[in-house]
Amino acid sequence: MISRVAESCFWLHRYVERAENTARLLRVNRSFILDVSLPVGDRWAPAVIVAGEQDRLPEVLSPEAVDDGELVQDYMTWNDNNPVSLLNSIRWARENARTIREVISLEMWEAVNELWHWLQRGPGRRMYSGDRDAFYARIKAFAALFYGVCDNTLLREQPFDFMRLGMLLERTGQIARIIDVKHHAIGPTALDDTDSAIASAQWLALLRSCSATEVYFKRVRESPKGATVLPFLVLEDGFPRSIVHCLARAWEFMQRIR
Amino acid sequence: MAKSGPPQAQSQSVRESRPLFAGYAPPAGTYDEVFLPSGEPRPGVGLAVELLAELGRARFVRLQRLADATLLKGGITFSVYAQNRGDVERVFPFDMIPRTVSAGDWAVIERGLIQRVTAINAFLSDIYGEQRILDEGRIPRELVDSSAGYLARLRGVRPPGGVRVHIAGIDLIRAPSGEFLVLEDNVRTPSGVSYVLENRSVMKRAVSGVFAGATVRAVDRYPDKLRKALDSLAPDRLAGDGQPGRMPRLVVLTPGRFNSAYFEHSFLARRMGCDLVEASDLFVHDDRVWVKTTAGPQPVAVIYRRTDDEFIDPEVFRADSLLGVRGLVRAYARGNVTLANALGNGVADDKAIYPFVPEMIRFYLDEDPILGQVETYSCEDDRQRTHVLDHLDRMVVKAVDASGGYGMLMGPTASRAERAEFAERIRKNPRGYIAQPRVELSTCPTWIDGVVEPRRVDLRPYVVTGADGTWVLPGGLTRVALTAGSYVVNSSQGGGSKDTWVLGDES
């Protein structure tokens, strides 16, 4: 296939995965800070650090903005100066999709095109203001539809291989960053068996950020703590959102491409 | 033919839909595509009216909205250069009332188009070869030499199969007499066929019932026919890539996603099952064209290129072009790659050459032209220019190498200042302009804000030529001037389109 097209396939999926992760992260963080009372500085800063925006956000908005949940969410969702904002991820997903129309199926294109127009033209903003949770859920639903259509309509050829590779690498990076940040936030007692209420809630939130809550409890019959959650998210090959699983599948796709 | 009862039942259904058409009044002296001056539908083309009668007004409105949403969702858009807003993509407005052409009318059009494209191909071969038609004085030599589209350096280069116009878009209008006339030829990079295919798709989804009963000729063979034609003209020595059983590689070359017709480039590549490439994906080595793939460079045999001559090779033409492939002309001159359409076709759709096409038909084919043309004045000729300048208020003046409705003066509706300004342009560059008395284009019922009104239309059929001959897509793009009183149908000037129905044989 055309090299440039392969690159677009790769990035299309990276951007979709990125958008979904952003939505999930913000949604989980919202409910998390309602469960646990944290110092103001610890509420939203971790989410900004996961996104890698800890330097740019204070510049674009203000140094205090990182403590304001509404400002952070707005920045992470809509801000044009934020290269990893949800809006920009969808924008670039769509631009990549547009240049490889001949490779993706019509339904994949329509899914991302529809979401873009929904975000750009007002209905998205209204839901964001009126029902924040539903807004983030919509992004998640879009990703599910997008991957579902991709899996169910595309020929298993190189374009598909590059797409999955992109998605898996992005997912790996996102998981690693989420773990890393939460690890710092939770502190050096990470791997202790410390069962404090806050620590427990934070581990639970970490699991939710990775959509791993129910599968964790199925597999590990202990309450979440460092010693059980981290190995699960890193090493559990049977879990599609573990680092090992993603890297192993990414490696398989790279072999196929070769 | 649609299931029609005895004449009485038919007029009854027309009467039932009459409220939609009440007050429908085409301008005097104009041929209306659907209605006779008496107000009755023309026999044989009342399908559109029956369609509306069947649907009823409310349902029709819903279907129009559905069509618009489908087109937006599918990204079936074009970009407008003149407008300067953030969102540059626009859906090409689609009107759900189709335009119908009878089988009899179409038979004449088809023969006329094949004749015309054959003659133009012969002209181009001659101009870039022996130039017999110039030697015999049938066309003034200076006219060809001074044409911006004439590439003298390519004289002597014969493309594979001798075909230069692989795809032609010939614009037709219907005069008040009902006769179809050729308004203009487009043999460089004619566009619009993707809208023909997508419009038909939308119509079928919306009004499948009507299609079931009618014999409207299908349009979806176009990509297949085009692919076969292009494959048939691959350079001999590259056929098969040297590998037995392997098809020569065909690509569609696009200037990129910011080009106004990008959707169409992508659409055709998809439907033909070949790669869509940009200039940066290609390179020339050893006077052959290669494409960068994940399996390394691969040879390219045929390029359906939608990039203009001017930008296509910075080594030979515009050096600042980022849309071109350095060395492409070398590869082409050596016969190592087929370009569709060939380089240098601009001389044939130069509007100053257009008046001579009937001459080409007589000279190369020894036949009389089947399709007439619009009376045209060449501003370069002193006597004709004087006539044009004296009657500017009645003329449509066009720049000879323009397209898309740009560079045009609509004399009858222009202001004095606009006419004066154009008169100056003509005097400064007489070779650059032609003028035609404004023709009363035919009108067609069109849905305008909930009311059916007459709007002027033209027709652009598409003609494909391969090694085995020439094929005409049944129908083509009917463009409609959506603004009341307008004669300008181009998308960039606020036009829209309709589905075009060519009826099958009555049997």
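How many salt bridges does the rule find across the interface of chain B and chain A? The answer is given below, together with a description of chain B and of two helices of chain A; the model is predicted.

## Interface between chain B and chain A

Across the interface of chain B and chain A, the rule finds three salt bridges. B:Asp281 forms a salt bridge with A:Arg4, and their closest N and O atoms are 2.5 Å apart. Residue pairs in polar contact between the two chains number 12, counting pairs with both residues at pLDDT 80 or more. On the side of chain B that touches chain A, the elements giving two or more residues are helix H4 (57–73), helix H11 (262–272), strand S7 (275–277) and strand S9 (288–293). H11(B) provides the largest share of that side, with four residues.

In terms of contacts, 20 residues of chain B meet 20 residues of chain A. The size of an interface is often given as the accessible area lost when the parts come together. Between chain B and chain A, the buried area is about 2,000 Å², and carbon and sulfur atoms give 44% of it.

## Chain B as a whole

Chain B contains 15 helices and 23 strands. It has 507 residues, of which 58% count as buried. The area that chain B exposes is about 20,700 Å², with carbon and sulfur atoms supplying 49%.

Contacts in chain B also join parts of the sequence that lie apart. Among contacts between residues at least 6 apart in sequence, 68% join residues at least 24 apart.

## Helix H10 of chain A

Helix H10 of chain A covers residues 197–209. At 1.5 Å a residue, its 13 residues should span 18 Å, and the end C-alpha atoms are 18 Å apart, so the expected span and the model agree. Just after H10(A), A:Ser211 takes a positive phi of about 50 degrees.

Buried residues in H10(A) include A:Ala199, A:Gln202, A:Trp203, A:Leu206 and A:Leu207. A:Ala201, A:Ala205 and A:Ser209 are likewise buried. An α-helix has 3.6 residues a turn, so residues three or four places apart point the same way.

## A:Ile139 in helix H8 of chain A

A:Ile139 belongs to helix H8 of chain A, which comprises residues 132–153. With a relative accessible area of 0%, A:Ile139 is buried because this value is under 20%.

Leaving aside residues up to four places away in sequence, A:Ile139 touches A:Ala19, A:Glu20, A:Ala23, A:Leu86 and A:Leu115. A:Glu107 is 32 residues from A:Ile139 in sequence, and their C-alpha atoms are 16 Å apart in space.

Key: Residues numbered from 1 in each chain as written. Chains lettered and ligands numbered in written order. Predicted model: local features only at pLDDT ≥ 70, side-chain atom pairs only at ≥ 80, totals over all residues. Heavy atoms only, no water. Buried < 20%, exposed > 50% of the residue type's maximum accessible area, 1.4 Å probe, protein only. Contact = heavy atoms within 4.5 Å. Areas by Shrake-Rupley, 256 points an atom, 1.4 Å probe, with all protein chains shown as cover. Expected span 1.5 Å × (residues − 1). Buried area = accessible area lost by both parts, 1.4 Å probe. Salt bridge = Lys/Arg side-chain N within 4 Å of Asp/Glu carboxyl O. Polar contact = N/O pair within 3.5 Å; in protein donor to acceptor, adjacent residues only side chain to side chain.
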